[in-house]
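Good morning, everyone, and thank you for making room for me on the agenda. I would like to walk through one structure slowly, so please keep the picture in view while I talk.

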Amino acid sequence: MTTTPSAQVIPSPRDPYARRKTTRGNYELYSWVFMRASGVLLIVLIFGHLFVNLMVGEGVHRIDFAFVGGKWTSPFWQVWDLLMLWLAMFHGTNGVRTIINDYASRDLTRGILKTLLYLAFVITVALGTLVIFTFEPCPANADPALLASICFE
Amino acid sequence: MPEAPGGTLYRGREGMWSWVAHRVTGVLIFFFLLVHVLDTSLVRVSPEAYNVVISAYKTPIMGLGEAGLVAAIVFHAFNGVRVILVDYWSKGPRYHRVMLYVVLGLFVVTMAGFLPRHLMNVFGGGH
């Protein structure tokens, strides 16, 4: 049995023209889109954070352990700060990655700098996430004068 | 020295310098973020440890640093919106230069709202 000519695959004349079949995926495109999407969210998250922590009341003078305790007993601020931490770390790390790629032309230099960057990313995100989820606003044996009012309700 | 050719977005003049400022402010904010997560993590050590370190943020010198940090964030945020408009708005590239002056105007207005309040908190009496 032989194949009939009609069974041969003939490319459609309307096939989209591709100069080069891509083998590397669209990583840089997604990173570019992510910078814009996360940037918009970060404007809301960080402006809110700065307003509450620096503008309301006595501003920076209000910030102490009790202030943080009062905020992080609320799931609202836990989610807010967690989202801010993750988005800002991805956004910032990706930005610095771009800058390293632009200016560090030697392979070794670029490799070392990016390794340090990713290490800082992993440590900071892990530490920050752990702190938000394991925070104890009213630790036993602590000086009551340093705790949030919510500890005495 | 040859003039940058007219009509380019990112070579010379407003296009390039806003790009430079965006990078510089971005890197500054990133390194502060690393430090800020570390200092906040002290809440897991003890109330005393956190209060001691955070009191450093209340000194006049650090207060000025916070003003600089907020300035960097506000510029990066507004110029970031401008970058998005240049990328996605069909008329963005044509108005990129005008938009930079809008960014700088909004920057001045925002800082005029923030600075007096913050500096009174930092340098004002009663603490």
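I will begin with the two chains, then turn to the salt bridges, and end with two single residues.

Before anything else, please keep in mind that this is a predicted model, and that the values I quote are computed from it.

Let me start with chain A, which has four helices and zero strands, so that, reading from the N terminus on, its elements run α-α-α-α. The radius of gyration of chain A is 26 Å, whereas the globule rule gives 15 Å for 153 residues, and because the value is well over that, the chain is more spread out than a compact globule. If you would like dimensions to go with this, the C-alpha trace of chain A spans about 90 × 40 × 30 Å along its principal axes.

What share of the residues in chain A is buried? Of the 153 residues, 37% are buried, and here it helps to know that buried means under 20% relative accessible area. The accessible surface of the chain comes to about 10,100 Å², and 67% of that belongs to carbon and sulfur atoms. When we take the contacts in chain A between residues at least 6 apart in sequence, 68% of them join residues at least 24 apart. Chain A also carries 12 positive and 10 negative charges, and the mean positions of these two groups are 23 Å apart.

Chain B can be described along the same lines. It has four helices and zero strands, and from the N terminus on, the elements of chain B run α-α-α-α. Buried residues make up 39% of the 127 residues in chain B, and its accessible surface comes to about 7,200 Å², of which 73% belongs to carbon and sulfur atoms. As for contacts in chain B with a separation of 6 or more, 62% of them are between residues 24 or more positions apart.

Now to the salt bridges. As a general point, side chains of opposite charge can pair when their charged atoms come close. The structure holds six salt bridges over all chains, and I would like to discuss some of them.

One of them is formed by B:Asp87 and A:Arg36, with the closest N and O atoms 2.5 Å apart. Which helices do B:Asp87 and A:Arg36 lie in? B:Asp87 lies in helix α3 of chain B, residues 60–88, and A:Arg36 lies in helix α1 of chain A, residues 27–55, so this pair joins two chains. The two partners also sit in unlike surroundings as far as accessibility goes, since B:Asp87 is partly exposed, with a relative accessible area of 29%, while A:Arg36, at 15% relative accessibility, counts as buried.

Another salt bridge is found in chain A, where A:Arg110 pairs with A:Asp107 and the closest N and O atoms are 2.7 Å apart. These two residues are three residues apart in helix α4 of chain A, residues 107–134, and are therefore separated by about one helical turn. A:Arg110 is partly exposed, with a relative accessible area of 22%, whereas A:Asp107 is exposed, with a relative accessible area of 59%.

In chain B, the side chains of B:Arg13 and B:Glu14 meet in a salt bridge, at 3.3 Å from N to O. B:Arg13 is exposed, with a relative accessible area of 52%, but B:Glu14 is buried, with a relative accessible area of 12%. This pair also belongs to a network of salt bridges that links B:Arg13, B:Glu14 and B:Arg97.

Let me finish with the two single residues. The one in chain B is B:Trp17, which is found in helix α1 of that chain, residues 13–41. Is B:Trp17 buried or exposed? At 54% relative accessibility, B:Trp17 counts as exposed, the cut-off for exposed being over 50%. B:Trp17 and B:Asn121 are 104 residues apart in sequence, and their C-alpha atoms are 33 Å apart in space.

The one in chain A is A:Asn141, which lies in the segment after α4 and, at 85% relative accessibility, counts as exposed. Its phi is near 70 degrees, which is a positive value in a residue other than glycine. For background, most residues other than glycine have a negative phi.

Thank you for listening, and I am glad to take questions.

Note on methods. Residues numbered from 1 in each chain as written. Chains lettered and ligands numbered in written order. Predicted model: local features only at pLDDT ≥ 70, side-chain atom pairs only at ≥ 80, totals over all residues. Heavy atoms only, no water. Rg over C-alpha atoms; globule rule 2.2 N^0.38 Å. Buried < 20%, exposed > 50% of the residue type's maximum accessible area, 1.4 Å probe, protein only. Contact = heavy atoms within 4.5 Å. Areas by Shrake-Rupley, 256 points an atom, 1.4 Å probe, with all protein chains shown as cover. Lys, Arg positive; Asp, Glu negative; His and termini not counted. Charge placed at Lys NZ, Arg CZ, Asp CG, Glu CD. Salt bridge = Lys/Arg side-chain N within 4 Å of Asp/Glu carboxyl O.
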